[in-house]
Structures are given as C-alpha cells and as structure tokens.
Amino acid sequence: MTTASHEFTPGQPLVFRNGTVLTMDNAHHVLTGADVLIVGDRIAAVGEHLAAPEGAAEIDATGGVVMPGMIDTHRHMWQTAMRGYGADWTLTQYFVWNYLQWGKSFRPQDIYAGNLLSAIEAIDAGVTTTVDWSHNLQTIDHAEAATDALQQVPGRFVLAYGNIQAAPWEWSTTPEFRDFVSRRFSGGDDMLGFQMAFDVPPASPDFPEKAAFEVARELGVPVTTHAGVWKVTTDDGIRLMYEHEFMTPSTIYVHAASLSADSYHRIAATGGSASLSTESEQNAGQGYPPTWKLRAHGIGVSLSMDTSVWWSADLFSAMRATLSADRAREHLEAHNRDETVTHHHLRAEQVVDWATRGGAKALGMDSLVGSLEPGKKADVVLIKNDASPVMFPLLNPYGHVVFQAQRGDVHTVVVNGRVVKHDHGLVGVDLGAARREIERTVDYLRGELGPEAWTAGMHPDIPETRVLDNPYTYTYTEDLTD
Ligand SMILES: [Zn+2]
C-alpha cells in the first residue's frame, strides 16, 4: 500500500530546500540553509538558493538534516523472516538453530519473504545500499528468490552469495553457480552488485577454501568473510588468505574483532576494510568492537547491523552503539590506570562518515555514492520530523544524527534519483504484500518446528554443562575449546 502524500513523476527533477546539509565530501563540508538539486539519477548541485529546472518537485528541508543515504555492508536479510526471535541467543545458540537445526528448513519462498521485508525496512530507515550477506542459498532456486526480492524493492543492494549448508569449495565450483552469476549479474548494474560470502574457520593445512577464492578471483568479485570471531574464525584464516594472496582492497572482514596485530597489519597492508556490527559483537561475543585497533592500523571501517533475528536494520543504532562502545572502553581502560579521560578520541562526525562514506569505500562504490557531491548518484536522506520535540534545537548536526535522531525521523529517502519515501511514508512499495509473504513463512516454520521446538528455540535453556562442540559447519578441528 502506497502512503504517498505527494505525487512524484519518474524522472522529475527534485530539490531539497533550506536544510542543514552534511555533504560527507572529503572536507566534510556542512552547509546550513542549503539546497540539494537532483536531476535524473544524479546530484546536480549542492549549495544555497539553487535555481531548479522547471517542473522540479520541491521538498522543504527546513529544520532537517540532509545527508547521503546510509550503507550497511553486512546483513543476513533472509533472517528478517524470524525478526526478533533470537533476541536472547548467544552465538552458539544462533549457530545451533540456523546451522544445525532449522536453517535447512528455509525454502526459496522463505528467503524471498525475509529479503523482501528486510529490503523495504532498509529504505524506510534511510539505508539506501545494503549488502545482503545471504548465507542460506542451498539451491539456485533459493538464490533466484533472494535476487528477485532485492530487485523488487527500489533500494541499492549487493547480493553476497553464500551457503552455510555446504562448504564454500563445493557450492562455488558448480556450473550452476557460474550460470546463475552470469545470468543475473553480468549487466554491470550499480543497483545490484555481487560478492561471494564465506568464512575461513580454523585451518586445515590444505586450505580447501582456496578453490572458492579462486572462483572469486576469476569472476572478479569481492569476498566478504566473518573474520576474528572468537574461537570460530581466527588469525589462521587471515594468514592463509594472505599467504595465498587472496587479501585485496575489495575484501571485507566482518567483525574483525578477535585478531592479533599481525592480522591487522595484513588487512592494512592489502587495503581491505572492516565491517563493524557493534550491537552484534556486544551481544554475540565475536570480540570487543575493535574501533581503536582499526584506527591505529589505518583500516577502513564501515558499519552493519548483521541480522534482525536479534537486532534491527537501524544504522542510527549502529552509529550510537559504535561510538558508545569505543568510549566505554576508553573510560574503562583509563580507570584501570587510575586516570580520567578528558578528551574523546572518536567523534560523532567519524561514525557518520563510517555509516555513509565508509560503506561506499568498502564496496568500491566511492565514485558513485556515499557523499552529496555533484555528479554522484542521488542517494539522499532527509531527517526531519516537525511533530517531534527532538528535532530542535539543531546545534551540532553530527551529534544530532548520532544521538538524537532515529529511523522514525527519516522523512524522505531518494535512491538513484527516485523518491522511495516521503513525508514519513513509503512511496510505491507494497508493504501489505511483504506482510502476507512473511505470514506464510512464519506459519510454515511454526508447523515445521512444532510448538515445543518453536518455544525452546526462542528461549533456549542454559545447558547444565558447558557446550563444548563448536557447531560451526565445515570446521576441521574437533575440539576448539580448552
Ligand atoms: Zn554476520
């Protein structure tokens, strides 16, 4: 159901008038009382009192913040079908439920349903580019369904193809996989990118993941990998990738938390970047969000929300959590030395950069999106809420975005020059259809699990003895605990 209060004609020029504009350009120019003009799919101009072409639609940004669309570099979008189900899980319980018990139950239409809802949720929240870390593509039909959903929602997406139900050297080397990639991703469409998504758990000396990296290299596609996940993926994986020259500037290391200085040096030296999911790292225990280590090593940072089975798709929350985690650690360490922090090293401005420009750089899309500059694709967000007591006074725009605003304050969203949300309502998006798809999937999964397993899965017992087996699939070592 469309809830537009304003009709926009496709291709109609748009101008945001009189806003506080966070350009996120190299100099981080902040303009007040400024306009952003969009012609076609591009930003035509940014500045004061811009002349707009005849017939341009005017969007009043008075009292609001105009900023680049946010970029989430790691979301398991299919899991949105089980929104909130695992709020009290640990990472072990997540692995058990998804990897060993119920992940296999997801049919192509269930992947479709989760992706559809997640994609709509992203644009509604001002996240104009999202990497779908899609690691339950058990068959090509599942992959087609995931891709169909992404193409039906007017956001910018990257399908990161993965499959936890098989080893990466198995699924990536089939003719069906090659055929799928060439059929659906050969067009060079900047609305739908492609990556390969797989992990390198503690090493087999044979490094069988090599075959999957070779496919990625041959196809010329980036690899995204959960790295530095406490006792799941370790320095060994990074070392093997490095020794085989698979670490590149386009490689994304998700979490990158529990790693040694050697591994950070290797990431820095090869130009890759880290995708921080602070709420995830804080709750699931991959390791402390390593913001200070990444900054010390000069490693690029982007932000992500990981999965709605636990958390939201809200990058305001990611910015807030990331800034708070960095400062909490700084205070705690200072107090342990009997010192007082009198000057925060990480600033609000930096996390806004990570949520926008950082994502664009990580995805190799910095020339296209991530800042409001003439010539770039028009992915633009207006944060404005005249009914909210939180929108004024607007004194410190970066601080306001990080600690005051929330996704309900996202007033207008433009992706590729097209208005997809205006006056707090989605435009041209059928939320009712997504709801029906989700209801069918939830009904089916409830039936598959039965009432007992359904409840037990949501509220898993704390085992009497410590869980000793690492349930991560394609793990070679028998016992990772000590
Ligand atoms: Zn993840």
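Over which residues does pLDDT stay under 50? Let's start there, since what you have in front of you is a predicted model. One such stretch is residues 1-5, for which the model has 14 contacts beyond four places in sequence. Another is residues 476-482, where the pLDDT is also below 50 and the model has 18 contacts beyond near neighbours in sequence. Where pLDDT is low, don't read the predicted coordinates in detail. The chain as a whole has a mean pLDDT of 94, and 94% of its residues reach 70 or more.

Now for the way the chain is divided up. The domain assignment gives domain 1 as residues 14-69 plus 370-426, and domain 2 as residues 70-362. Their C-alpha centres lie 28 Å apart, and the contact between them takes 34 residues from domain 1 and 32 residues from domain 2. Together the two domains bury about 2700 Å² between them, with 62% of that on carbon and sulfur atoms. If you want to find the main contributors on the domain 1 side, look for Val402, Phe403 and Arg407: they supply 25% of the area that domain 1 buries against domain 2, more than any other three residues.

Next, find the zinc ion. Its protein donors are His74, His76 and His226, each through NE2, and Asp306 through OD, at 2.0 to 2.5 Å from the ion. Along the chain, these donors follow the spacing H-x1-H-x149-H-x79-D. His74 sits in strand 6 (residues 70-75), while Asp306 is 232 residues away, in the loop between strand 13 (300-303) and helix 11 (315-336), so the pair links distant parts of the chain. Both ends of that link are buried: His74 has a relative accessibility of 0%, and Asp306 has 5%. What about the arrangement of the donors? It counts as irregular, because the four donor atoms subtend angles of 79 to 173° around the zinc ion.

Finally, here are a few backbone spots to look up. Most residues other than glycine have a negative phi, and most peptide bonds are trans. Asn18, in strand 1 (residues 14-22), has a positive phi of about 65°, and it is partly exposed because its relative accessibility is 37%. Ala256 also has a positive phi, near 45°. You'll find Ala256 in the loop between strand 11 (252-255) and helix 8 (261-270), and it is buried, with a relative accessible area of 0%. The bond joining Phe392 and Pro393 is a cis peptide bond, with omega about -5°; Pro393 lies in the loop between strand 14 (380-383) and helix 13 (397-404).

Technical notes
Residues are numbered from 1 along each chain as its sequence is written. This is a predicted model: local features need pLDDT of at least 70, side-chain atom pairs count only at pLDDT 80 or more; totals for chains, interfaces and linings use all residues. Side-chain values use heavy atoms; hydrogens and water are left out. pLDDT is the predictor's confidence in each residue, from 0 to 100. Contact means heavy atoms within 4.5 Å. Donors are N, O and S atoms within 2.8 Å of the metal (3.2 Å for Na, K and Ca); water is not among the atoms, so sites may look incomplete. Four donors count as tetrahedral if all angles lie between 85 and 135 degrees; four count as square planar and six as octahedral if opposite donors are over 155 degrees apart and all others between 65 and 115; anything else is irregular. Helices (H or I, at least four residues) and strands (E, at least two) are DSSP runs, numbered from the N terminus. Buried means under 20% relative accessible area, exposed over 50%, partly exposed in between (1.4 Å probe, protein chains only). Domain bounds come from an automatic or database domain assignment. Buried area is the accessible area (1.4 Å probe) that two parts lose on being put together, summed over both.
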